[in-house]
Amino acid sequence: MTASGTVGGRARAPYEVLVAGAGPAGLLCAVELAVRGVRCRVVDRRPGPLPGSRCPTLWQRSLEALASAGLPMAELLDRSLPLERKVFHVAGATAEVDLRSEASPHAFPVLLRQDDLERFLTERLAELGGKVDYGHEVLSVGPDMPGATDVLLRGPGGDERVRVAWAVLATGAGGVTGGGERDAGPARPAAAGELPGMRWVLADVRATAEFAPGPGEEHIFREATGHAGLVPLPGGGHRLFLALPDEACGAGPDGSPTPADVAAAAERMVGLRLATPDAVWSVRPASAVADRFRQGRRLLLGDAARRFPMPVHGLNTGLQDALGLGWKLATAVRRPAVAEELLDTYDAERRAAAEGVRDRAERVLGYGSTVPVEVIRDRLLRRVFDIRTEPVPRYAPGPLTDPDSPLGGSPAPFATAGGVFPAWRLVVRHRAGEAVPGWLVGRLEALTREFGLPLVIAAGDMASAGVHAYLVRPDGYVSFDGGPGRLAALAQHLTRVRRFL
(Lines give C-alpha, C1' and ligand atoms only; values in the text may rest on other atoms or scores of the structure.)
Protein backbone atom coordinates (compact mmCIF):
# COMPACT_ATOMS: atom_id res chain seq x y z
CA MET A 1 0.00 0.00 0.00
CA THR A 2 1.45 3.35 -0.99
CA ALA A 3 1.02 6.58 0.94
CA SER A 4 -1.40 7.89 -1.70
CA GLY A 5 -3.79 4.93 -1.49
CA THR A 6 -6.68 4.16 0.82
CA VAL A 7 -6.88 1.93 3.90
CA GLY A 8 -10.19 0.92 5.43
CA GLY A 9 -12.08 3.31 3.16
CA ARG A 10 -10.17 6.40 4.36
CA ALA A 11 -7.60 8.22 2.23
CA ARG A 12 -4.11 7.72 3.48
CA ALA A 13 -2.00 10.78 4.30
CA PRO A 14 0.70 11.73 1.76
CA TYR A 15 3.39 10.64 4.22
CA GLU A 16 4.17 7.31 5.86
CA VAL A 17 5.14 8.45 9.37
CA LEU A 18 3.82 11.09 11.75
CA VAL A 19 6.39 12.28 14.32
CA ALA A 20 4.77 14.11 17.24
CA GLY A 21 7.24 16.32 19.10
CA ALA A 22 9.94 18.63 17.72
CA GLY A 23 12.46 18.27 20.52
CA PRO A 24 15.93 16.88 19.76
CA ALA A 25 14.82 13.22 19.71
CA GLY A 26 11.80 13.78 17.46
CA LEU A 27 13.77 16.01 15.07
CA LEU A 28 16.67 13.56 14.79
CA CYS A 29 14.26 10.69 14.12
CA ALA A 30 12.59 12.75 11.37
CA VAL A 31 15.97 13.54 9.81
CA GLU A 32 16.92 9.84 9.89
CA LEU A 33 13.69 9.01 8.07
CA ALA A 34 13.89 11.84 5.55
CA VAL A 35 17.46 11.11 4.51
CA ARG A 36 16.38 7.55 3.75
CA GLY A 37 13.56 8.74 1.54
CA VAL A 38 10.70 8.14 3.98
CA ARG A 39 8.03 10.83 3.90
CA CYS A 40 7.17 12.05 7.37
CA ARG A 41 5.31 14.91 8.98
CA VAL A 42 6.53 16.51 12.21
CA VAL A 43 4.01 18.23 14.48
CA ASP A 44 4.45 19.96 17.83
CA ARG A 45 1.87 21.34 20.24
CA ARG A 46 3.96 24.45 20.98
CA PRO A 47 3.28 27.63 19.01
CA GLY A 48 6.91 27.75 17.87
CA PRO A 49 10.48 26.78 18.79
CA LEU A 50 11.18 26.99 22.51
CA PRO A 51 13.97 29.45 23.39
CA GLY A 52 16.54 28.86 26.11
CA SER A 53 19.68 26.93 26.86
CA ARG A 54 17.80 24.24 28.84
CA CYS A 55 19.92 21.05 28.91
CA PRO A 56 23.20 22.02 27.18
CA THR A 57 25.43 18.95 27.64
CA LEU A 58 26.10 16.71 24.62
CA TRP A 59 28.26 13.66 25.21
CA GLN A 60 30.60 12.24 22.59
CA ARG A 61 28.23 9.52 21.38
CA SER A 62 25.55 12.16 20.86
CA LEU A 63 27.99 14.20 18.76
CA GLU A 64 28.69 11.10 16.65
CA ALA A 65 24.94 10.68 16.10
CA LEU A 66 24.58 14.31 15.00
CA ALA A 67 27.57 14.02 12.67
CA SER A 68 26.10 10.93 11.03
CA ALA A 69 22.87 12.90 10.54
CA GLY A 70 24.72 15.34 8.32
CA LEU A 71 24.62 18.34 10.64
CA PRO A 72 27.25 21.04 9.96
CA MET A 73 29.57 19.92 12.75
CA ALA A 74 32.17 22.65 12.25
CA GLU A 75 29.51 25.33 12.79
CA LEU A 76 27.89 23.39 15.63
CA LEU A 77 31.19 22.95 17.46
CA ASP A 78 32.07 26.60 16.86
CA ARG A 79 28.95 27.56 18.83
CA SER A 80 29.75 25.05 21.56
CA LEU A 81 32.03 25.03 24.57
CA PRO A 82 34.18 21.91 25.17
CA LEU A 83 33.55 20.31 28.56
CA GLU A 84 37.06 19.15 29.41
CA ARG A 85 36.86 18.09 33.04
CA LYS A 86 34.67 17.63 36.08
CA VAL A 87 35.93 18.87 39.44
CA PHE A 88 34.44 17.26 42.53
CA HIS A 89 34.44 19.01 45.90
CA VAL A 90 33.38 16.73 48.76
CA ALA A 91 33.74 17.68 52.42
CA GLY A 92 37.03 19.50 51.89
CA ALA A 93 38.50 17.01 49.39
CA THR A 94 38.87 17.82 45.67
CA ALA A 95 39.51 15.65 42.62
CA GLU A 96 39.38 16.18 38.86
CA VAL A 97 38.16 13.81 36.15
CA ASP A 98 39.39 14.34 32.58
CA LEU A 99 36.52 13.80 30.14
CA ARG A 100 38.70 13.21 27.08
CA SER A 101 37.80 10.12 25.05
CA GLU A 102 40.32 8.37 22.83
CA ALA A 103 37.59 6.10 21.41
CA SER A 104 35.61 8.88 19.74
CA PRO A 105 36.48 11.32 16.95
CA HIS A 106 35.18 13.97 19.37
CA ALA A 107 37.71 14.37 22.15
CA PHE A 108 35.35 16.02 24.64
CA PRO A 109 31.68 16.45 25.36
CA VAL A 110 30.41 19.91 24.50
CA LEU A 111 27.96 22.42 25.88
CA LEU A 112 25.48 23.79 23.34
CA ARG A 113 22.28 25.72 23.95
CA GLN A 114 19.35 23.41 23.29
CA ASP A 115 17.60 26.00 21.13
CA ASP A 116 20.73 26.04 18.95
CA LEU A 117 20.71 22.24 18.75
CA GLU A 118 17.05 22.22 17.70
CA ARG A 119 17.76 24.93 15.12
CA PHE A 120 20.56 22.85 13.56
CA LEU A 121 18.28 19.80 13.41
CA THR A 122 15.36 21.79 11.97
CA GLU A 123 17.59 23.30 9.28
CA ARG A 124 18.90 19.84 8.37
CA LEU A 125 15.32 18.57 8.12
CA ALA A 126 14.48 21.51 5.84
CA GLU A 127 17.41 20.61 3.57
CA LEU A 128 15.75 17.22 3.16
CA GLY A 129 12.36 18.74 2.33
CA GLY A 130 10.76 18.54 5.79
CA LYS A 131 9.39 21.07 8.25
CA VAL A 132 7.69 21.31 11.63
CA ASP A 133 3.96 22.07 11.88
CA TYR A 134 3.75 23.97 15.16
CA GLY A 135 0.45 24.44 16.98
CA HIS A 136 -0.69 20.87 16.23
CA GLU A 137 -1.37 18.54 19.14
CA VAL A 138 -1.88 14.77 19.01
CA LEU A 139 -5.10 13.86 20.84
CA SER A 140 -5.17 10.12 20.19
CA VAL A 141 -3.58 7.33 18.19
CA GLY A 142 -5.54 4.34 16.93
CA PRO A 143 -7.22 2.13 16.29
CA ASP A 144 -4.69 0.19 14.22
CA MET A 145 -5.67 -1.64 11.08
CA PRO A 146 -3.66 -3.65 8.55
CA GLY A 147 -0.97 -1.33 7.21
CA ALA A 148 -2.04 1.86 8.99
CA THR A 149 -3.24 3.66 12.09
CA ASP A 150 -5.35 6.77 12.65
CA VAL A 151 -4.03 9.85 14.47
CA LEU A 152 -6.34 12.60 15.71
CA LEU A 153 -4.72 16.05 15.64
CA ARG A 154 -5.94 19.39 16.93
CA GLY A 155 -4.53 22.45 15.15
CA PRO A 156 -5.37 26.09 14.46
CA GLY A 157 -7.99 25.02 11.93
CA GLY A 158 -9.71 22.50 14.19
CA ASP A 159 -9.47 18.73 14.53
CA GLU A 160 -7.95 16.57 11.81
CA ARG A 161 -7.77 12.78 11.56
CA VAL A 162 -4.93 11.40 9.45
CA ARG A 163 -4.15 7.84 8.44
CA VAL A 164 -0.45 6.89 8.44
CA ALA A 165 1.66 3.75 8.49
CA TRP A 166 3.39 4.58 11.79
CA ALA A 167 3.10 7.16 14.60
CA VAL A 168 6.16 8.18 16.63
CA LEU A 169 5.29 9.86 19.93
CA ALA A 170 8.18 12.07 21.02
CA THR A 171 5.77 14.20 23.02
CA GLY A 172 7.79 14.51 26.23
CA ALA A 173 6.89 13.40 29.71
CA GLY A 174 3.26 14.55 29.33
CA GLY A 175 2.60 12.31 26.35
CA VAL A 176 -0.50 12.90 24.25
CA THR A 177 -3.29 14.75 25.97
CA GLY A 178 -6.51 13.08 24.95
CA GLY A 179 -8.09 9.91 26.28
CA GLY A 180 -9.59 7.10 24.31
CA GLU A 181 -7.64 4.86 22.02
CA ARG A 182 -4.18 5.96 23.13
CA ASP A 183 -4.71 4.18 26.45
CA ALA A 184 -5.23 0.80 24.79
CA GLY A 185 -2.25 -1.46 25.36
CA PRO A 186 0.97 -0.99 27.32
CA ALA A 187 2.80 1.41 24.97
CA ARG A 188 1.77 4.61 26.71
CA PRO A 189 3.94 7.44 28.04
CA ALA A 190 5.96 6.56 31.13
CA ALA A 191 4.18 7.19 34.41
CA ALA A 192 5.39 10.24 36.28
CA GLY A 193 7.51 8.23 38.73
CA GLU A 194 8.24 11.38 40.74
CA LEU A 195 10.71 11.04 43.59
CA PRO A 196 9.29 12.79 46.68
CA GLY A 197 11.06 15.03 49.12
CA MET A 198 13.28 17.17 46.87
CA ARG A 199 13.43 19.33 43.77
CA TRP A 200 16.12 20.17 41.28
CA VAL A 201 16.39 23.94 41.26
CA LEU A 202 18.13 25.47 38.24
CA ALA A 203 19.28 28.99 37.40
CA ASP A 204 21.71 30.68 35.03
CA VAL A 205 24.18 32.52 37.25
CA ARG A 206 27.46 34.42 37.36
CA ALA A 207 30.14 33.25 39.78
CA THR A 208 31.74 35.84 42.03
CA ALA A 209 35.45 36.65 42.07
CA GLU A 210 35.86 34.42 45.14
CA PHE A 211 35.18 31.35 43.01
CA ALA A 212 36.12 31.58 39.36
CA PRO A 213 35.83 28.20 37.60
CA GLY A 214 38.23 27.58 34.74
CA PRO A 215 36.89 27.38 31.18
CA GLY A 216 35.50 23.99 30.28
CA GLU A 217 35.11 22.90 33.91
CA GLU A 218 32.00 21.54 35.58
CA HIS A 219 32.14 21.72 39.37
CA ILE A 220 30.19 19.35 41.61
CA PHE A 221 29.78 20.14 45.33
CA ARG A 222 28.69 17.72 48.04
CA GLU A 223 28.56 18.60 51.69
CA ALA A 224 26.62 17.15 54.58
CA THR A 225 24.25 20.09 54.13
CA GLY A 226 23.55 19.67 50.41
CA HIS A 227 24.48 19.03 46.80
CA ALA A 228 25.01 21.49 43.92
CA GLY A 229 26.82 21.94 40.64
CA LEU A 230 27.97 24.58 38.19
CA VAL A 231 28.05 23.85 34.45
CA PRO A 232 29.68 26.42 32.11
CA LEU A 233 27.45 27.82 29.38
CA PRO A 234 28.38 28.95 25.87
CA GLY A 235 28.63 32.71 25.83
CA GLY A 236 29.55 32.97 29.52
CA GLY A 237 28.00 32.30 32.87
CA HIS A 238 27.07 28.98 34.45
CA ARG A 239 24.05 26.77 34.95
CA LEU A 240 23.52 26.17 38.65
CA PHE A 241 21.74 23.03 39.72
CA LEU A 242 20.87 22.65 43.36
CA ALA A 243 19.15 19.76 45.13
CA LEU A 244 16.74 21.33 47.62
CA PRO A 245 14.53 19.45 50.08
CA ASP A 246 10.89 20.44 49.85
CA GLU A 247 10.97 22.29 53.16
CA ALA A 248 13.77 24.56 51.86
CA CYS A 249 12.07 25.49 48.59
CA GLY A 250 10.75 28.85 49.76
CA ALA A 251 7.68 30.78 48.78
CA GLY A 252 7.91 31.21 45.02
CA PRO A 253 5.10 30.28 42.61
CA ASP A 254 3.90 26.67 42.94
CA GLY A 255 6.12 26.17 45.96
CA SER A 256 9.33 26.78 44.01
CA PRO A 257 12.08 28.95 45.54
CA THR A 258 12.63 32.59 44.67
CA PRO A 259 15.93 33.78 43.14
CA ALA A 260 16.98 35.15 46.51
CA ASP A 261 16.16 31.77 48.13
CA VAL A 262 18.41 30.02 45.62
CA ALA A 263 21.39 32.32 46.13
CA ALA A 264 21.07 31.97 49.91
CA ALA A 265 20.69 28.18 49.73
CA ALA A 266 23.78 27.76 47.52
CA GLU A 267 25.90 29.64 50.06
CA ARG A 268 24.34 27.94 53.07
CA MET A 269 24.47 24.40 51.73
CA VAL A 270 27.75 24.17 49.81
CA GLY A 271 29.50 27.48 50.39
CA LEU A 272 28.92 28.92 46.90
CA ARG A 273 28.55 32.70 46.87
CA LEU A 274 26.69 33.76 43.74
CA ALA A 275 24.99 36.87 42.46
CA THR A 276 21.21 36.58 42.76
CA PRO A 277 19.94 35.10 39.48
CA ASP A 278 17.31 36.84 37.41
CA ALA A 279 15.08 33.76 37.27
CA VAL A 280 14.95 30.21 38.55
CA TRP A 281 12.96 27.13 37.68
CA SER A 282 12.53 23.83 39.41
CA VAL A 283 11.53 20.27 38.64
CA ARG A 284 10.90 17.30 40.84
CA PRO A 285 13.17 14.42 39.78
CA ALA A 286 11.34 11.46 38.32
CA SER A 287 12.34 7.94 37.40
CA ALA A 288 10.14 5.74 35.22
CA VAL A 289 10.37 3.49 32.15
CA ALA A 290 7.31 2.55 30.08
CA ASP A 291 6.27 -1.08 29.97
CA ARG A 292 6.85 -1.11 26.22
CA PHE A 293 8.30 1.35 23.73
CA ARG A 294 6.09 -0.05 20.96
CA GLN A 295 2.49 -1.15 20.75
CA GLY A 296 1.22 -1.93 17.29
CA ARG A 297 1.86 1.07 15.05
CA ARG A 298 2.71 3.59 17.77
CA LEU A 299 6.26 3.99 19.03
CA LEU A 300 7.41 5.95 22.06
CA LEU A 301 10.59 8.02 21.77
CA GLY A 302 12.61 10.04 24.25
CA ASP A 303 10.93 11.34 27.41
CA ALA A 304 7.57 9.95 26.28
CA ALA A 305 9.08 6.51 26.93
CA ARG A 306 11.04 7.15 30.12
CA ARG A 307 12.04 9.78 32.65
CA PHE A 308 15.36 10.06 34.45
CA PRO A 309 16.22 11.94 37.64
CA MET A 310 18.65 14.25 35.79
CA PRO A 311 17.82 16.08 32.53
CA VAL A 312 21.21 15.38 30.90
CA HIS A 313 20.31 11.70 30.67
CA GLY A 314 17.02 12.45 28.95
CA LEU A 315 18.61 14.56 26.19
CA ASN A 316 21.51 12.27 25.35
CA THR A 317 19.62 8.99 25.67
CA GLY A 318 16.83 10.47 23.53
CA LEU A 319 19.28 11.13 20.71
CA GLN A 320 20.48 7.53 20.94
CA ASP A 321 16.85 6.33 20.91
CA ALA A 322 16.30 8.31 17.69
CA LEU A 323 19.46 6.89 16.15
CA GLY A 324 18.26 3.37 16.95
CA LEU A 325 14.70 3.90 15.74
CA GLY A 326 15.24 5.91 12.55
CA TRP A 327 16.94 3.30 10.39
CA LYS A 328 14.68 0.50 11.66
CA LEU A 329 11.49 2.44 10.96
CA ALA A 330 12.74 3.39 7.49
CA THR A 331 13.42 -0.30 6.79
CA ALA A 332 9.97 -1.21 8.13
CA VAL A 333 8.35 1.27 5.71
CA ARG A 334 10.28 -0.14 2.74
CA ARG A 335 9.84 -3.79 3.75
CA PRO A 336 6.56 -4.28 5.63
CA ALA A 337 7.18 -8.03 5.89
CA VAL A 338 10.00 -7.45 8.42
CA ALA A 339 8.41 -4.52 10.26
CA GLU A 340 7.10 -6.42 13.29
CA GLU A 341 10.32 -8.29 13.98
CA LEU A 342 12.61 -5.32 13.37
CA LEU A 343 10.63 -2.79 15.40
CA ASP A 344 10.35 -5.23 18.28
CA THR A 345 14.15 -5.00 18.49
CA TYR A 346 13.81 -1.22 19.03
CA ASP A 347 11.58 -1.93 22.01
CA ALA A 348 13.89 -4.60 23.42
CA GLU A 349 17.18 -2.77 22.88
CA ARG A 350 16.28 0.78 23.84
CA ARG A 351 14.07 -0.20 26.78
CA ALA A 352 16.93 -2.23 28.24
CA ALA A 353 19.24 0.74 27.66
CA ALA A 354 16.76 3.03 29.44
CA GLU A 355 16.58 0.70 32.42
CA GLY A 356 20.38 0.75 32.65
CA VAL A 357 20.47 4.56 32.55
CA ARG A 358 17.67 4.77 35.12
CA ASP A 359 19.49 2.48 37.54
CA ARG A 360 22.72 4.43 37.19
CA ALA A 361 20.98 7.78 37.50
CA GLU A 362 19.20 6.72 40.68
CA ARG A 363 22.55 5.64 42.13
CA VAL A 364 24.20 8.96 41.19
CA LEU A 365 21.23 10.86 42.62
CA GLY A 366 21.71 8.94 45.86
CA TYR A 367 25.35 10.04 46.03
CA GLY A 368 24.13 13.63 45.93
CA SER A 369 21.27 13.29 48.39
CA THR A 370 20.99 10.23 50.65
CA VAL A 371 24.42 8.55 50.79
CA PRO A 372 26.45 9.86 53.76
CA VAL A 373 29.02 12.45 52.76
CA GLU A 374 31.79 10.42 54.41
CA VAL A 375 31.12 7.55 52.00
CA ILE A 376 31.27 9.92 49.01
CA ARG A 377 34.50 11.50 50.27
CA ASP A 378 36.08 8.06 50.63
CA ARG A 379 35.10 7.20 47.05
CA LEU A 380 36.53 10.50 45.86
CA LEU A 381 39.88 9.89 47.59
CA ARG A 382 39.99 6.41 46.02
CA ARG A 383 39.09 8.01 42.66
CA VAL A 384 35.93 5.94 42.21
CA PHE A 385 33.62 8.05 40.06
CA ASP A 386 30.17 7.71 38.51
CA ILE A 387 29.94 10.39 35.82
CA ARG A 388 26.59 11.72 34.61
CA THR A 389 26.57 10.09 31.20
CA GLU A 390 24.77 7.25 29.49
CA PRO A 391 26.35 3.91 30.33
CA VAL A 392 27.18 2.38 26.96
CA PRO A 393 24.67 -0.43 26.46
CA ARG A 394 25.43 -3.85 25.06
CA TYR A 395 22.40 -5.17 23.24
CA ALA A 396 21.43 -8.76 23.96
CA PRO A 397 21.72 -11.41 21.23
CA GLY A 398 18.69 -11.45 18.96
CA PRO A 399 17.66 -11.15 15.33
CA LEU A 400 20.32 -8.48 14.69
CA THR A 401 23.15 -9.74 16.90
CA ASP A 402 25.27 -12.87 16.63
CA PRO A 403 25.46 -14.53 20.08
CA ASP A 404 29.00 -15.84 19.53
CA SER A 405 30.62 -12.55 18.53
CA PRO A 406 32.97 -11.06 21.15
CA LEU A 407 31.64 -7.54 20.53
CA GLY A 408 28.17 -8.38 19.25
CA GLY A 409 25.64 -5.81 20.43
CA SER A 410 28.32 -3.27 21.41
CA PRO A 411 29.19 0.01 19.71
CA ALA A 412 31.89 -0.48 17.07
CA PRO A 413 35.29 0.11 18.73
CA PHE A 414 36.36 2.67 16.13
CA ALA A 415 35.02 5.72 14.37
CA THR A 416 32.87 4.03 11.76
CA ALA A 417 33.36 4.90 8.13
CA GLY A 418 30.59 5.23 5.58
CA GLY A 419 29.56 8.86 5.35
CA VAL A 420 26.28 10.47 6.31
CA PHE A 421 23.71 7.97 7.52
CA PRO A 422 25.82 4.92 6.80
CA ALA A 423 24.07 1.76 5.82
CA TRP A 424 25.10 -1.70 6.94
CA ARG A 425 28.77 -2.24 6.10
CA LEU A 426 31.54 -4.76 6.59
CA VAL A 427 34.61 -3.18 8.18
CA VAL A 428 37.91 -5.06 8.20
CA ARG A 429 40.66 -3.84 10.50
CA HIS A 430 44.30 -4.87 10.41
CA ARG A 431 47.44 -3.74 12.17
CA ALA A 432 49.46 -1.04 10.47
CA GLY A 433 52.24 -2.58 8.37
CA GLU A 434 50.47 -5.95 8.14
CA ALA A 435 48.66 -6.45 4.84
CA VAL A 436 45.39 -8.36 4.59
CA PRO A 437 46.07 -11.63 2.69
CA GLY A 438 44.86 -11.55 -0.91
CA TRP A 439 42.77 -14.72 -0.55
CA LEU A 440 40.93 -13.16 2.41
CA VAL A 441 40.24 -9.94 0.52
CA GLY A 442 38.80 -12.02 -2.32
CA ARG A 443 36.49 -13.95 0.01
CA LEU A 444 35.30 -10.75 1.70
CA GLU A 445 34.70 -9.01 -1.63
CA ALA A 446 32.62 -11.97 -2.78
CA LEU A 447 30.50 -11.82 0.37
CA THR A 448 29.90 -8.09 0.10
CA ARG A 449 28.92 -8.42 -3.56
CA GLU A 450 26.49 -11.20 -2.71
CA PHE A 451 24.82 -9.24 0.07
CA GLY A 452 25.11 -5.76 -1.42
CA LEU A 453 27.34 -4.32 1.31
CA PRO A 454 30.17 -1.79 1.19
CA LEU A 455 33.55 -3.18 2.26
CA VAL A 456 35.89 -0.93 4.25
CA ILE A 457 39.45 -2.13 4.87
CA ALA A 458 41.57 0.04 7.15
CA ALA A 459 44.56 -0.13 9.44
CA GLY A 460 43.88 0.49 13.10
CA ASP A 461 45.13 0.09 16.65
CA MET A 462 44.65 -3.63 17.13
CA ALA A 463 45.05 -5.31 20.49
CA SER A 464 46.61 -8.35 18.83
CA ALA A 465 48.14 -9.27 15.51
CA GLY A 466 45.96 -10.34 12.64
CA VAL A 467 42.78 -9.23 10.91
CA HIS A 468 39.33 -8.69 12.41
CA ALA A 469 36.04 -8.19 10.58
CA TYR A 470 33.01 -6.31 11.90
CA LEU A 471 29.52 -6.28 10.41
CA VAL A 472 28.30 -2.85 11.57
CA ARG A 473 24.66 -1.78 11.69
CA PRO A 474 23.50 1.65 10.47
CA ASP A 475 23.48 2.91 14.08
CA GLY A 476 27.11 1.94 14.62
CA TYR A 477 26.51 -1.22 16.70
CA VAL A 478 28.30 -4.48 15.93
CA SER A 479 26.08 -7.21 14.52
CA PHE A 480 28.91 -9.74 14.03
CA ASP A 481 32.67 -9.79 14.53
CA GLY A 482 35.50 -12.27 14.25
CA GLY A 483 38.77 -13.21 12.64
CA PRO A 484 39.47 -15.16 9.41
CA GLY A 485 38.50 -18.38 11.15
CA ARG A 486 34.88 -17.19 11.38
CA LEU A 487 34.30 -16.57 7.66
CA ALA A 488 31.76 -19.39 7.42
CA ALA A 489 29.95 -18.07 10.50
CA LEU A 490 29.94 -14.58 8.93
CA ALA A 491 28.32 -15.93 5.77
CA GLN A 492 25.67 -17.74 7.84
CA HIS A 493 24.96 -14.59 9.89
CA LEU A 494 24.64 -12.48 6.74
CA THR A 495 22.11 -14.97 5.43
CA ARG A 496 20.11 -14.63 8.65
CA VAL A 497 20.05 -10.81 8.59
CA ARG A 498 19.70 -10.44 4.80
CA ARG A 499 16.05 -9.43 5.19
CA PHE A 500 17.11 -6.36 7.18
CA LEU A 501 19.98 -5.21 4.92
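In helix α8, which spans residues 373-381, the buried positions are Val 373, Ile 376, Arg 379 and Leu 380. Viewed along the axis of α8, these buried residues fall within an arc of 120 degrees, and they therefore line one face of the helix. Such an arrangement follows a general rule: an α-helix has 3.6 residues a turn, so residues three or four places apart point the same way. The exposed residues Glu 374 and Leu 381 are carried on the face of α8 turned away from its buried side. Just after α8, Arg 383 adopts a positive phi of about 55 degrees.

The model described here is predicted. The pLDDT of the protein chain averages 88, and 88% of the residues score at least 70. Over residues 177-191, by contrast, the pLDDT is below 50; this stretch nevertheless has 46 contacts in the model beyond near neighbours in sequence. The secondary structure of the protein chain amounts to ten helices and 27 strands. Of the 501 residues in the protein chain, 56% are buried. Among contacts in the protein chain with a separation of 6 or more, 71% are between residues 24 or more positions apart.

A second helix, α2, covers residues 60-68, and its buried residues are Gln 60, Ser 62, Leu 63, Ala 65, Leu 66 and Ser 68. The elements that cover these buried residues include the helices α1 (24-35), α3 (73-78), α4 (114-127) and α6 (311-334), together with the strands β5 (57-58) and β9 (110-111). Following α2, Gly 70 has a positive phi, near 85 degrees.

Strand pairing was examined next. Strands of a sheet pair through backbone hydrogen bonds, either parallel or antiparallel. Strand β7 (residues 85-90) is mostly covered, with five of its six residues buried. Six bridges link β7 to strand β8 (residues 93-98) in the antiparallel sense, and within this pairing Phe 88 has Ala 95 of β8 as its bridge partner. Two residues lie between the strands in the hairpin of β7 and β8, where Ala 91 takes a positive phi near 50 degrees. β7 also pairs with strand β16 (residues 217-223), to which it is joined by six bridges and runs parallel. In that pairing, Val 90 stands opposite Arg 222 of β16.

Strands β11, β12 and β13 form an open sheet of three strands, in the order β11-β12-β13 and with antiparallel pairing. The edges of this sheet are occupied by β11 (137-145) and β13 (158-164); each has a single partner strand, so one side of each is left without a neighbour in the sheet. From one strand to the next, the twist averages 20 degrees. Strand β12 (residues 148-155) is joined to β13 by seven bridges, and the two run antiparallel. Thr 149 stands opposite Val 164 of β13.

The cysteines were considered last. Zero disulfides are found in a search of the whole structure. For Cys 40, the closest cysteine sulfur is that of Cys 29, at 7.5 Å from its own sulfur, which is too far for a bond. Cys 55 has a relative accessible area of 13% and is therefore buried, the cut-off being under 20%.

Notes. Residues numbered from 1 in each chain as written. Predicted model: local features only at pLDDT ≥ 70, side-chain atom pairs only at ≥ 80, totals over all residues. Heavy atoms only, no water. Pairing = 2+ DSSP bridges. Helix = DSSP H or I, 4+ residues; strand = E, 2+ residues; numbered from the N terminus. Axes fitted to C-alpha atoms, helices over the stretch in contact; angles between N-to-C directions. Buried < 20%, exposed > 50% of the residue type's maximum accessible area, 1.4 Å probe, protein only. Contact = heavy atoms within 4.5 Å. Arc of directions from axis to C-beta. Disulfide = S-S within 2.5 Å. pLDDT = per-residue confidence, 0-100.
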